[in-house]
Amino acid sequence: MKRFFGFVKKEFFHIFRDVRTMIILFGIPIAQLLLFGTVITNEIKDAHLAIYDQSKDEVTREITDKLLSSGYFVLNSYLDNDGDIEAIFKKGKVKEVLVFGPNFGQTLEREGKADVQIIADASDPNVGKLLASYTTGIINDYILKEMGELKMPMQITPEVRMFYNEELESVYMFVPGIMAMILMLISAMMTSISITREKELGTMEILLVSPLRPVQIILGKVAPYLILSVVNAVMILGIGHLVFGVPIHGSWVLLMAESILFILMALCLGILISAVAKNQMVAMFISLVALMLPTILLSGFMFPIENMPVPLQVLSHLMPPRWFIVILKNIMLKGTGFLFVWEETLILIIMAAVFTAIAVKKFKTRLE
Amino acid sequence: MNQNTPVITVKNLVKKFGSFTANDHLNFEVYKGEIFGFLGANGAGKTTAMRILCGLSSPTSGELTVGGFDVYRQTEQIKRNIGYMSQKFSLYEDLTIAENIRFYGGIYGIPVKQRKEKEHLLLKKLQLESERNKLIASLPLGWKQKLAFSIALLHDPKIVFLDEPTGGVDPITRRQFWDFIYEAAAEGKTIFVTTHYMDEAEYCDRVSIMVDGRIAALDTPDALKKQFNSEDMNGVFLQLARHARNGD
C-alpha cells in the first residue's frame, strides 16, 4: 500500500509540474463553461429589420412598433421599392425585411384579411427561421388582441409552458454536455497520454521489472486522474449552479455517484487506448478523433439525436456521453431519482466492463 | 570471483514471434560476480533474450533460472533480486534527483531510514549532494546515466541487467561508467550487459556473441581473439557477423 502511495505521489508531481497538463485540467473546463454559458446562445437579440411599408397606415405602424419594442429587432431602414430588398440583404446587415401590401389596414377591416410578407436572410438558416417565427408570433398576437374579440367568436389559445427549463436557457443544455465532454477529455485522454508517455520514455520497462504488479502500475497511473476528475466535476457543477443558475433538483449524492461511474468508465477507456497506442501522439489522436468529436457531435449535446439519419442514431447508442447526459439532465433538471436512470446507469457499467476486458486482453498479448 | 556458482542458467531457450525465431536454442550460464557481455548486431536477438531474463517477456520454451528462481513460476522473487537499466534513459526528467531516489526506493519497498542512508552515500559518491533538489532534466547525459545505474543498484540486487547502458555517451564518461560496473562486480554483483561498442566487450569477463538468434561464440575476450586469430574484439565480431542473415 505504501508503495502504491509513493507511486500516486510521483504521478501528481508529473501533473503539477507540467503547465500544459494543468491548463488542460483546469483552464479548459472553466474557459469552455464560460464560453458556452455566455457566448453561445440560441436566442437572437437586436436583429436588423428593414420595412417596406406600402400602405403606411395606423395598423402597419402599430405592428411595426410592436416588433421594434419586442427586443428582438432594431429598425435598420424603411425601403421604397421592391428592388431595394435584395440590395439591402446583400449589404449583409439586415436579417429580415417586412413587406406590408398596399392599403393594409383598409383591406384588413373590410375583408378580414390582409397580406404581409416576411423575408428572412436564410444564409444562416437557424437565424432566419427563428426571426420569421418571432415575427409571425408578434403579428398574430397583435391581430388576436386588436381584432380577435370582434371577429372570432370561437378561438383556442394555446398556453405554452416549457417544463424543466421555463426560460429556455441554453446553458441548462450546455452544462451537462460540457461536463460529459470535460470528464471524457481528462479521464480518457489524459490517462492514455500519461501511460503511453511512460512507454515512450522507457520508464514503463523499469516499472514492469520492479516488484510492482501491472495492476498496481495501472491503478497508480489512474488514481490521480480519478481524483482530479471528481474535483473538476464538482467545479463544473458549482459554476453551472452558482454562476449560471442551472438548477440541481435531484440528489447531490446520486449526481456525484453517477459522475464517478462515468469517470471510471472513461478511465477504462483511457487504459484501453493506452494499450492500443504506441506513443503519446497516437494516444492523443485516438482520443481527439475517436472520442471528442463523437462526444460533441453524436451525444445529443449539440444536435438532437432524433434529427440524425438512422445510421448515426444507431451509432450514437455507442457513445457513453449520450447516456451520461440523459442521466445528468434527469437528475439536475427533473430531479428524478435512481429508479428513472437505472437503465442508463447499467449501460455505463457494461461499457466500463467491456473496455476493461479488452484492455486487459491487449496488455496480456503485448507482454507475451 | 567464484566461477562455480551459476546465478543465471539458460537451457534450450527458444523464443518465437509467429514464424520468426528470435532465440534459437540458447544455452549458457552466468556466474556470480561476473561481468557477462552480450553482443550481437541489431536484430540478432540479444535484447529479446535479456527481456525474457528480466521477466518483461515470456519464453516459448526452455529451462531458465535467474538468481536461483524459476523464470516461469517465481517471477516475483526474481524481480526483487534484479536491477535493470535500459538503453532508453530511465529516470523521470520532471522529478528531482532526490524524488527519483525516493520513488525507486518506494517501489522496491526499501524502509525510509535505510533509503535515506543510501541516498546520502549515493549522492556523496556521485558528488551530487548540492544538486539533490535539481530536476533530472537539467543534468548532463553522462551524469544521468551514472545516476540511473546507481539507482538501479539501490535495492541491492544480486544481478544487474544493463541494456546498452552507454549509448550516446562520450568515451571519458563511458570509461567512468565502467569503473562503476567494476566496483559493483567487486561487491559480488553479477553484471549482464549488452553493448554495441567492441572496446567495451574487452572489459567483460566473458562475452557471448549472438548471430541470427543463436550464440555463435562464448568465451573470455582473450580466448575469442586467439580462436579467431584477431587482434581485437572488433575483428572477432566482424568474422562472426559477416555470415548473418538478419544483421544490418
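The bend at a residue is the angle between two helix axes, one fitted to the seven residues ending there and the other to the seven starting there. In this predicted model, that angle brings out a feature of helix H11 of chain A: a kink of about 30°, centred on A:Leu288. The helix covers residues 280-298, and at 1.5 Å a residue its 19 residues should span 27 Å; the end C-alpha atoms lie 25 Å apart, which agrees.

Both ends of H11(A) have details worth a look. At the start, a side-chain oxygen of A:Asn279 comes to within 3.1 Å of the backbone nitrogen of A:Met281. After the helix comes A:Gly300, with a positive phi near 85°. Along H11(A), the buried residues include A:Ala283, A:Ser287, A:Leu291 and A:Leu298. An α-helix has 3.6 residues a turn, so residues three or four places apart point the same way.

We turn next to the meeting of the two chains. The size of an interface is often given as the accessible area lost when the parts come together. Chain A and chain B bury about 2500 Å² between them, with 57% of this on carbon and sulfur atoms. A:Ile206, A:Val209 and A:Pro211 supply 26% of the area that chain A buries against chain B, more than any other three residues. The contact draws on 26 residues from chain A and 31 residues from chain B.

Polar partners also appear here. Between the chains, 8 residue pairs are in polar contact, and 2 salt bridges are found across the interface. One of the salt bridges joins A:Arg17 to B:Glu99, with the closest N and O atoms 2.7 Å apart. Helix H1(A) gives the largest share of the side of chain A that touches chain B, 9 residues.

Key: Residues numbered from 1 in each chain as written. Chains lettered and ligands numbered in written order. Predicted model: local features only at pLDDT ≥ 70, side-chain atom pairs only at ≥ 80, totals over all residues. Heavy atoms only, no water. Helix = DSSP H or I, 4+ residues; strand = E, 2+ residues; numbered from the N terminus. Expected span 1.5 Å × (residues − 1). Buried < 20%, exposed > 50% of the residue type's maximum accessible area, 1.4 Å probe, protein only. Polar contact = N/O pair within 3.5 Å; in protein donor to acceptor, adjacent residues only side chain to side chain. Contact = heavy atoms within 4.5 Å. Buried area = accessible area lost by both parts, 1.4 Å probe. Salt bridge = Lys/Arg side-chain N within 4 Å of Asp/Glu carboxyl O.
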